Amino acid sequence: MAYWLIKSEPNKYPFSALVTDKNTSWDGVRNFEARNNLRSMKRGDLALFYHSNIGKEFVGVARVTGEARPDPSAPGEDWSVVDFAPVQALTAPVTLAQVRAMPALAEMALLKRSRLSVAPVTASEWKVILAAARTKL
DNA sequence: GCCAACGTTGGC
DNA sequence: GCCAACGTTGGC
């Protein structure tokens, strides 16, 4: 199983909306690398849900429930969506400042590739963040 | 609201 | 194939 991070601006689609919706199609990705990351996701993979711009923190965990398929918001174009369901909110959100402050997270894509909206997370990074979030799955 | 970073586009 | 211009993301 692989780990990922997905970013959303909370004024557009907050984690709470995923909780309400129970399932959502992650559409609108228009970056090749982010799209390729979506295509690498397998059912059952877990993703950290990050609020960009507002909050700037990890707030929850989501699970891949449906693997990549054509993005209906871009008919005829070569983009993909993946389906996610909420797993749980983090007990304590983990802020960008916290991530920056932890040496174990210095290489995270969130920091190194800050403009990439769908990115891989290593198993060790995953562990560190869930510990900081005081969250057990 | 500004601006840095950086991916993409298009002219040559 | 290079590179300048442009658009977008996301932090501040």
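**Exercise 1. DNA strand B**

Task: In this predicted model, determine which residues surround DNA strand B and which parts of the strand they approach.

Solution.

Step 1. Begin with R115: an N or O atom in its side chain is 2.9 Å from a sugar or linking oxygen of DNA strand B.

Step 2. Turn to the phosphates. R113 places a polar side-chain atom 3.3 Å from a phosphate oxygen of DNA strand B. In the case of F32, a backbone N or O atom lies 3.4 Å from a phosphate oxygen of this strand.

Step 3. Complete the list. The residues around DNA strand B are N31, F32, R113 and R115. By class they comprise 1 nonpolar, 1 polar and 2 charged.

Step 4. Assess the strand's side of the contact. Sugar or phosphate supplies 69% of the atoms of DNA strand B within 4 Å of the protein, and bases supply the rest.

**Exercise 2. DNA strand C**

Task: Establish which residues lie around DNA strand C, and what share of the strand's atoms within 4 Å of the protein belongs to sugar and phosphate.

Solution.

Step 1. The residues around DNA strand C are K7, Y50, S52, N53, K56, L96, R100, S114, R115 and S117. Sugar and phosphate make up 62% of the atoms of this strand that come within 4 Å of the protein.

Step 2. Examine the phosphate contacts. A polar side-chain atom of Y50 lies 2.9 Å from a phosphate oxygen of DNA strand C. For R100, a side-chain N or O atom is 3.0 Å from a phosphate oxygen, and for K7 the corresponding distance is 3.2 Å.

Step 3. Classify the surface: near DNA strand C there are 2 nonpolar, 4 polar and 4 charged residues.

Step 4. Compare the two lists. R115 appears among the residues around DNA strand B and also among those around DNA strand C.

**Exercise 3. The setting of S52**

Task: Is S52, one of the residues around DNA strand C, buried or exposed within the protein, and which residues does S52 contact beyond its sequence neighbours?

Solution.

Step 1. Locate the residue: S52 sits in the loop that joins β3 (46-51) to β4 (57-70).

Step 2. Apply the cut-off. S52 has a relative accessibility of 15%, and buried means under 20%; S52 therefore counts as buried.

Step 3. List the contacts. With neighbours within four places in sequence set aside, S52 is in contact with S8, E9 and P10.

Step 4. Follow one of these contacts, E9, further. Its side chain forms a salt bridge with that of K12, at 3.6 Å from N to O. E9 is partly exposed at 24% relative accessibility, whereas K12 is exposed at 63%.

**Exercise 4. Salt bridges across the chain**

Task: Among the 7 salt bridges of the structure, examine R30 with D71 and E33 with R113, and state which parts of the chain each pair joins.

Solution.

Step 1. Recall the principle: side chains of opposite charge can pair when their charged atoms come close.

Step 2. The side chains of R30 and D71 form a salt bridge of 3.0 Å, N to O. R30 belongs to the loop between β2 (24-25) and α2 (32-40), and D71 to the loop between β4 and β5 (80-95), so this pair ties together parts 41 residues apart in sequence. D71 is buried, at 2% relative accessible area, while R30 is partly exposed, at 38%.

Step 3. E33 and R113 meet through their side chains at 2.7 Å, N to O. The pair links distant parts of the chain, 80 residues apart: E33 is in helix α2, and R113 is in the loop between α4 (109-112) and β6 (118-121). Both are partly exposed, E33 at 35% relative accessibility and R113 at a relative accessible area of 38%.

Step 4. Salt bridges with shared partners also join R35, R39 and D78 into one network.

Step 5. Relate this to Exercise 1: R113, the partner of E33, is also one of the residues around DNA strand B.

**Exercise 5. The nonpolar core**

Task: Identify which members of the largest nonpolar core touch the most other members, and describe the surroundings of F84.

Solution.

Step 1. In soluble globular proteins, nonpolar side chains tend to be buried together.

Step 2. The largest nonpolar core has 41 residues, of which W26, M41, L48, F58, F84 and M108 touch the most other members.

Step 3. Beyond residues up to four places away in sequence, F84 touches a set that includes I6, L18, W26, M41, A47, A62 and V64. K22, N23, T24, R63 and T65 are also among its contacts.

Note on methods: Residues are numbered from 1 along each chain as its sequence is written. Chains are lettered from A and ligands numbered from 1 in the order in which they are written. This is a predicted model: local features need pLDDT of at least 70, side-chain atom pairs count only at pLDDT 80 or more; totals for chains, interfaces and linings use all residues. Side-chain values use heavy atoms; hydrogens and water are left out. Helices (H or I, at least four residues) and strands (E, at least two) are DSSP runs, numbered from the N terminus. Buried means under 20% relative accessible area, exposed over 50%, partly exposed in between (1.4 Å probe, protein chains only). Contact means heavy atoms within 4.5 Å. A salt bridge is a side-chain nitrogen of Lys or Arg within 4 Å of a carboxyl oxygen of Asp or Glu. A residue is near a molecule or strand if one of its heavy atoms lies within 4 Å of it. A polar contact is a pair of N or O atoms within 3.5 Å; within protein, one must be able to donate a hydrogen and the other to accept it, and residues adjacent in sequence count only if both atoms are side-chain atoms. Ala, Val, Leu, Ile, Met, Phe, Trp, Tyr, Cys and Pro count as nonpolar, Asp, Glu, Lys and Arg as charged, and the others, Gly among them, as polar. A nonpolar core is a set of buried Ala, Val, Leu, Ile, Met, Phe, Trp, Tyr and Cys residues joined through side-chain atoms within 4.5 Å.
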